[in-house]
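Here is a short report on strands and salt bridges. Keep the sequence and the 3D view at hand as you read.

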Amino acid sequence: MGPMRKVICTALFACLGTASVLANPASSETVLWKEISGWSIRMDPSMGNACYVSSVYEDGTVLRLGFNFLNSNRSLYFSLGNAKWKSLEAGKEYPVRIQFDNNTPWDATASGLEIDAVHHLHINTHDANFAEEFSRKLSIRAYYSGRQIVALRLKGSSKAIDEMLKCQDLVSKYMNTKNQPPKNADPFAPAPSVKAADDPFDL
């Protein structure tokens with residue numbers, strides 16, 4: 001494993017490790033972090049205040065990769081969607097194959113999911129190497145029933161993943177601070193059980 005791969009994988013696992021301190025989602029609307037090199041980096045409250053990257057291609061394909069902090073079985077997820085895939089059924093399972101460049105393919109079971117009125121193939125994984133390949137490779141292809149369904153370029157994906165990690169780090173730190181018990185704003189105030197004998201107004 002090269003130095004860059006170690007850095008990415010370590011950072012991904014570190015973000016997964018902070019999921020337990022994140023608050024429950026309060027809104028279904030995503031929050032923009034940054035637009036960079038054709039990618040949007042956003043925070044998704046519906047995934048447990050988790051950050052993700054997404055890109056929309058000329059053929060209408062929507063690609064999305066991010067963290068899923070909804071439960072204790074926290075993970076990464078990857079999804080591909082297209083408005084033309086009207087036959088995809090929500091909740092139904094689909095065996096798919098994902099391949100980065102000419103690397104060994106990833107075989108996975110995807111679930112049908114609707115995101116913003118677009119039908120997606122949604123895959124959960126606990127393997128940070130998937131995101132590491134996503135960030136380093138030039139292209140991705142997806143297959144269903146032995147047929148290629150998408151072939152996409154991954155230009156700028158490395159910068160996008162870096163920004164996703166920065167986004168998650170900031171969100172996690174914010175949620176940690178938010179979830180801490182409030183501190184007394186007056187450090188000189190006596191403890192509740194302590195009475196000042198010479199202060200008649202200290203009831």
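Strand E2 covers residues 39–44, and 5 of its 6 residues are buried. Buried means under 20% relative accessible area, exposed means over 50%, and partly exposed lies in between (1.4 Å probe, protein chains only). Strands (E, at least two residues) and helices (H or I, at least four) are DSSP runs, numbered from the N terminus.

This is a predicted model, in which local features need pLDDT of at least 70, side-chain atom pairs count only at pLDDT 80 or more, and totals for chains, interfaces and linings use all residues. Residues are numbered from 1 along each chain as its sequence is written, and side-chain values use heavy atoms, leaving out hydrogens and water.

**Strand partners**

Two strands pair if DSSP finds at least two bridges between them. E2 pairs with E1 (residues 31–36) in the antiparallel sense, over 5 bridges. Here Leu 32 stands opposite Arg 42 in E2. The hairpin of E1 and E2 has 2 residues between the strands, and Ser 37 takes a positive phi near 50°.

E2 is also joined to E3 (residues 50–56), again antiparallel, by 5 bridges. Ile 41 has Val 53 in E3 as its bridge partner. This hairpin has 5 residues between the strands, and Gly 48 takes a positive phi near 85°.

Now look at strand E5, residues 75–81. How many of its 7 residues are buried? The count is 7 of 7. In a regular strand, side chains alternate between the two faces of the sheet. In E5, one side holds Ser 75, Tyr 77, Ser 79 and Gly 81, the other Leu 76, Phe 78 and Leu 80, and all are buried.

E5 runs antiparallel to E4 (residues 62–68), with 7 bridges. Gly 66 meets Tyr 77 there as its bridge partner. E5 also pairs antiparallel with E8 (residues 118–125) over 6 bridges. There, Leu 80 has Leu 121 as its bridge partner.

**Salt bridges**

A salt bridge needs a side-chain nitrogen of Lys or Arg within 4 Å of a carboxyl oxygen of Asp or Glu. The whole structure holds 7 of them. Three examples follow.

| Pair | Closest N to O |
|---|---|
| Glu 163 and Lys 34 | 3.5 Å |
| Lys 92 and Glu 89 | 3.9 Å |
| Glu 132 and Arg 136 | 3.1 Å |

Glu 163 lies in helix H3 (residues 157–179) and Lys 34 in strand E1, so this pair ties together parts 129 residues apart in sequence. Glu 163 is buried at 8% relative accessibility, whereas Lys 34 is partly exposed at 34%. Both belong to a salt-bridge network with Lys 166.
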